[in-house]
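Thanks for sending this one over. Here are some friendly notes on its charged side-chain pairs, for you to read alongside the coordinates.

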Amino acid sequence: MLTMGEDFQYENANTWYKNLDKLIRYVNETRQSDLFTWKLRFSSAGGNEQDEAMRTEVKKLVQEKRLEFINAGWCMNDEAATHYNAIIDQMTYGLNFVEETFGSDARPRIAWHIDPFGHSSEQASIFAQMSFDGFFLGRIDYDDKKLRLKQQRMELVWRGSRNLAKYSDIFTGVLYNGYAAPPGFCYDQSCRDAPIQDDPNLFDLNVKETRRKDSWNATCAQGIAV
């Protein structure tokens with residue numbers, strides 16, 4: 001088991017931060033994309049390694065709402081065996097870091113728990129009381145997920161507490177394919193899906209036919225009414 005401090009020392013950390021720096025520069029130059037980050041422990045450590053010019057670029061992106069933090073706890077805490085005091089403490093630590101570093105405008109609005117193995121109503125209630133607008137999950141029981149896909153209930157309003165009633169309500173969504181992109185849209189180095197080509201001068205132009213159809217099928221498969 002690795003603690004959060006040791007986790008930062010894993011062998012690919014240097015490459016991870018170099019790629020993040022490249023992505024930040026690309027977004028800043030093209031002005032066509034937005035970034036989201038949730039690994040606050042990693043973001044903090046990466047910020048300590050950045051030079052002043054890169055820190056200025058990052059803060060500018062945050063001010064322009066082109067770089068947003070989601071969740072922004074110091075980590076993505078477990079929900080099954082964690083006491084609520086510990087959850088509140090680590091969220092407070094992370095949210096304070098964001099505000100002190102980037103200002104109150106950087107306050108995240110979305111809670112993001114794609115890694116915990118199982119979820120608790122208390123976690124949903126806590127996030128609702130922290131004024132998050134939404135809560136996204138990655139792992140749920142496979143039978144539950146199968147039924148939700150069939151009934152188009154991958155999105156819901158979760159009432160975390162009967163006692164708090166509407167004050168514990170939070171919009172919740174379950175990711176269709178966990179960590180992975182929908183079939184046909186994985187462009188990672190480990191995938192072989194064809195990229196979307198929209199340049200008519202290219203021989204493999206596919207945005208109007210195959211890719212549009214794939215996008216429609218992927219959307220419908222997620223149980224989203226369209």
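The points below go through salt bridges in this predicted model.

1. A search of the whole structure turns up five salt bridges. As background, side chains of opposite charge can pair when their charged atoms come close. Three of the pairs are taken up here, one per point.

2. Let us begin with Arg66 and Glu64, whose side chains meet in a salt bridge at 3.4 Å, N to O. Is Arg66 buried or exposed? Arg66 counts as buried because its relative accessibility is 8%, and the cut-off for buried is under 20%. Its partner Glu64 has 29% relative accessibility and counts as partly exposed.

3. Next comes Arg109, which forms a salt bridge with Asp133; their closest N and O atoms are 3.4 Å apart. Which parts does this pair tie together? Arg109 sits in the loop between helix H5 (84–102) and strand S3 (110–113), while Asp133 sits in the loop between helix H6 (121–129) and strand S4 (134–137), so the salt bridge links parts 24 residues apart in sequence. Arg109 is partly exposed at 38% relative accessibility, and Asp133 is partly exposed too, with a relative accessible area of 46%.

4. Finally, have a look at Asp169 and Arg159, a salt bridge with the closest N and O atoms 2.8 Å apart. Asp169 belongs to strand S6 (residues 169–174) and Arg159 to strand S5 (residues 155–159), so this pair joins parts that are 10 residues apart in sequence. Asp169 counts as partly exposed at 26% relative accessibility; Arg159, at 46%, counts as partly exposed as well.

Conventions:
Residues numbered from 1 in each chain as written. Predicted model: local features only at pLDDT ≥ 70, side-chain atom pairs only at ≥ 80, totals over all residues. Heavy atoms only, no water. Salt bridge = Lys/Arg side-chain N within 4 Å of Asp/Glu carboxyl O. Buried < 20%, exposed > 50% of the residue type's maximum accessible area, 1.4 Å probe, protein only. Helix = DSSP H or I, 4+ residues; strand = E, 2+ residues; numbered from the N terminus.
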